[in-house]
Structures are given as structure tokens and as C-alpha cells.
Amino acid sequence: MTGVEAPMRRQWWAWALAAVVVALGVWPLVEHWLTNPGDQRLVDLDVYRTGGQMVLEGRPVYGFFTPAPQLLPFTYPPIAALLASGLAAMSWVTAQWVWTAGIFAALGVAVGFAFREALGRHAPWVFAFLMVACTFLMPIRDQVRFGQVDILLVALCLADCVARRPWWPRGFLIGLATAVKLTPGVFLVYLLVTRQWRTLSMAVFVTALLTLLPFAVVPQDAVDFWFGALLDSERLGANAATTNQSMRGMLIRLYLPDALTTVIWLAAVAVVGWYGFRGARDAYRDGDPVTAVALVGLMAVLLSPVAWIHHLAWVVVVLGAIVGDGRDPVRVRVAVGVWLYYVLPVPWWGVAIKAAEIPVVSPVLGKIVQNGFGLGALVLVWLLAYRLPKRRAAQPGQMSYGARQPADTL
């Protein structure tokens, strides 16, 4: 037992009480959304579960829509439908509770890894505070509201990158996340630019295996997705909707000619991607993998053609990267500001400003505020990569969990 693990085990009662504090703190949000009208309740979970049901019944996964008024299709790769068959085997009520518990378990993993340096001697109580605070971030509230999978993907990628001595082959979780929802594929680029060859090989192997497996199990669904559904971005919803906070979504809302929008978007992807991945590489080399993961997570949002507000669950990792060990007051104040910004429904304020129809102000200011979360993500890339003061080194005799070690042994 290490010196860190011993006191944590002696504090089992404190951790139990902290769990009660978390449950009480998040209960109002959980109760609100799990008692929502049936046709508005965990609508994305309904999509996952119905996709699994299609697999069990041998019906086309990409040919169904959930009942009105949602009318949502299954948009994930076929391996996700295969994995969702377990949800289909549960009753709808059971699936809601199991999935919601899973959201908070994944959030706990993300908070634990992202804020590990800041937990300190009073870890149970600091952890409980951070769990409740992060729950009320709008992207996390939306995880509970819609029954989304994003925070699970955040936890998988973060754990794979920052765990000291993982019991799984490093790269396995990134491969799993990428196979399930494609956008975590930005971590393959990160592993490439940081030359983590063994981890990259494992991640690519798992991604390829889970991508090819459905061709053997549900071949028609695999063909339907890779040669049809994947190429139809409108299946994801209205790309110009306020909830799309990717760079492409922000550009679409300028209503420029399609060709010009595409050219500007591709140029922006190249520029932002270069700065973002360079910042992540530098953070990795500086022994700061949490900041590296935060930057790559922001790339998953900004570079994607479509990134809904709930995709910004990466802001949990961003906050952990900003806070660091909690000893730098500048970083702590910045983190509080970022937290407040992503708690508030900023993009919807933009919609209200536009609806006010005030000459000049409404169309200009309204558009800027409507894109607030996406623009905020761009600012966060700049802050994390180039602006914030360097995080303090570990105390003498200690080694930060992100300290530089031989490749693939972090």
C-alpha cells in the first residue's frame, strides 16, 4: 500500500459521507429530468436503446426513427448498436436509472483524474464539491437531460492518457471510444504527434477491430453506416442550430455561400488544429498530460463538423487543467470564471438578443453570444496552450503523475 492509498483507505467513512453529499447535491437535477414528460425524457438514451433493440430483432439499425415528436435516427457506428443491445434487454425505467448512474460514475472518474493534483488532504470533501459543481455545467446537465454518452468517452480517453499504472493495455480505451463515436479519433492524432507509438498501435488496433467486427455480425448495418448514414450530416440534426457549437456550426450561421463556408471552415480546421495539437504536444513534453487531454478534447469539439453543447463535456478536464494543484490563485480565479461561463445558458441568450430585433445590436451581438460556447472553446485553447502561467512543479521528493517518463510508461 502506498503512502497515498493508506490514508485514503482509513478515510472510507469520509468517502461514504462524500458520496451522500454528492447524491444530495445532484438529486434535484436527476429528479427533474427523470420525471420529465415521457416524450422529452432521456431522448438520446432512447435512441441508443432502440438501436440495440433493432440489433436484437434483426431489423435495420439505420432505418428507424424514434417516435414523435423527437423522430431521432441512430447516428453512431454499428458497434455502438451492438453494445446498446444490453440496454434494450432492460425495461425503459431500469435503463434510465442505470444509464444515469453510469453518467455520474463516468463523471466521478473524469473529476478524479482531472483534479487529482488538487484533491489534497481533504480529498473526499474536495471531490464531493467538484462533483456537484461540475454536474451543473451546462454540457453535463445536458448529459443527464438527454441521457448522453459523452462524459463516458471523456472518462475513457482521460483515464487512458493519465492513469499512472493502468491495468488495461494503454490505448485500449481510446480505441474503444473512437470506435463508438468517431470524434475521440482526435486522440489518435495526439498519440501520433507525441510519438507514443505503442499506445497508438493499441488504439488503432482496437478501433479497427471494433469497426470491422460488425461487418461479420451485422453486415448490412455496417454497410449502411459507412457508405450511407455517415455521409449524411443532416441525420445528426439541423447543422445550423444553436446547439452546434463547432467552428463549422458557427460559420454556417453566418449564412455565407456553401462553397465559401467550406473553404473558411477547412482553413480554420487547419489553423486551430495546428495550434491545438502543438499545444497538446508541448504540454505532454512538459509532463502535464491533463492539459494535453483538455486541448485534444477541445479539438474534438471545434474541428468536428457537428458538435452539440453536450459534446463540451470536455470542459470538466479543462477546469482540472486550469486549476492544477490549486496553489496558483490566478489559475483558480480563471477556473471559477470558466466554470460560471459554462454554467450559464450563454448561447440561448444570443438567441434572445437576436429575437429582440434591435437594429445593429441584435444581428451582430446576438450572433456573437449565440456562438458563445464555441468561441469560448477557442479562447480556452489559447489560454491552455499559450497564456496561463506554467503549472508548478511537484514538491521535492515527489513526482507529479504527469512527470515525463520513458515513452508509453506514463
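Q: Hi! Which helix gives the largest share of the nonpolar patch?
A: Helix α20, residues 361-370, gives the largest share of the nonpolar patch, with four residues. Keep in mind that this is a predicted model.

Q: Got it. Which residues form that nonpolar patch on the surface?
A: The patch is made of I358, V360, V361, V364, L365, I368 and L375. Together they have about 580 Å² of accessible area.

Q: Let's pick V361. Where is it, and is V361 buried or partly exposed?
A: You'll find V361 in helix α20. V361 counts as partly exposed because its relative accessibility is 37%, and the partly exposed range runs between 20% and 50%.

Q: Nice. New topic: how many residues does helix α9 have, and how far does it reach?
A: Helix α9 covers residues 150-162, so it has 13 residues. From its first C-alpha to its last, α9 reaches 18 Å, which is close to the 18 Å expected at 1.5 Å a residue.

Q: And is α9 mostly covered or mostly exposed?
A: Mostly covered: twelve of the 13 residues in α9 are buried. Among them are D150, I151, L153, V154, C157 and C161.

Q: Why do helix residues three or four places apart point the same way?
A: An α-helix has 3.6 residues a turn, so residues at that spacing point the same way.

Q: Back to D150, then. Which residue does D150 form a salt bridge with?
A: D150 pairs with K181, and their closest N and O atoms are 2.7 Å apart. This salt bridge links distant parts of the chain, with D150 in helix α9 and K181 in helix α10 (residues 172-181), 31 residues apart.

Q: Are D150 and K181 buried or exposed?
A: Both D150 and K181 are buried.

Q: How many salt bridges does the structure hold?
A: The structure holds four salt bridges. One of them is between R281 and D282, where the closest N and O atoms are 3.2 Å apart. Another joins the side chains of R327 and D325, at 2.6 Å from N to O.

Q: What about the cover on R281 and D282?
A: R281 is partly exposed, with a relative accessible area of 23%. D282 is partly exposed too, at 28%.

Q: And R327, what is its relative accessible area?
A: For R327 the value is 33%, so R327 is partly exposed.

Q: Switching again: how many disulfides are there?
A: The count comes to zero disulfides. As a reminder, a disulfide is a covalent bond between the sulfur atoms of two cysteines.

Q: Why is there no bond for the sulfur of C134?
A: The closest cysteine sulfur to that of C134 is in C157, and it is 17 Å away, so it is too far for a bond.

Q: What about C161, why no bond there?
A: The sulfur of C161 also has C157 as the place of its closest cysteine sulfur, but the distance is 6.7 Å, so that is too far for a bond. The cut-off for a disulfide is 2.5 Å.

Q: Are C134 and C161 buried or exposed?
A: C134 counts as buried because its relative accessibility is 2%. C161 counts as buried too, with 8%.

Q: Last one: where is Q196?
A: Q196 is in the loop between α11 (186-193) and α12 (197-217). At 5% relative accessibility, Q196 counts as buried.

Q: Which side chain does Q196 have a polar contact with?
A: The side chain of Q196 makes a polar contact of 2.9 Å with the side chain of T194.

Terms used:
Residues numbered from 1 in each chain as written. Predicted model: local features only at pLDDT ≥ 70, side-chain atom pairs only at ≥ 80, totals over all residues. Heavy atoms only, no water. Helix = DSSP H or I, 4+ residues; strand = E, 2+ residues; numbered from the N terminus. Buried < 20%, exposed > 50% of the residue type's maximum accessible area, 1.4 Å probe, protein only. Polar contact = N/O pair within 3.5 Å; in protein donor to acceptor, adjacent residues only side chain to side chain. Patch = residues over 30% accessible without salt bridge, like charges linked within 9 Å, V, L, I, M, F, W, Y side chains within 5 Å. Areas by Shrake-Rupley, 256 points an atom, 1.4 Å probe, with all protein chains shown as cover. Expected span 1.5 Å × (residues − 1).
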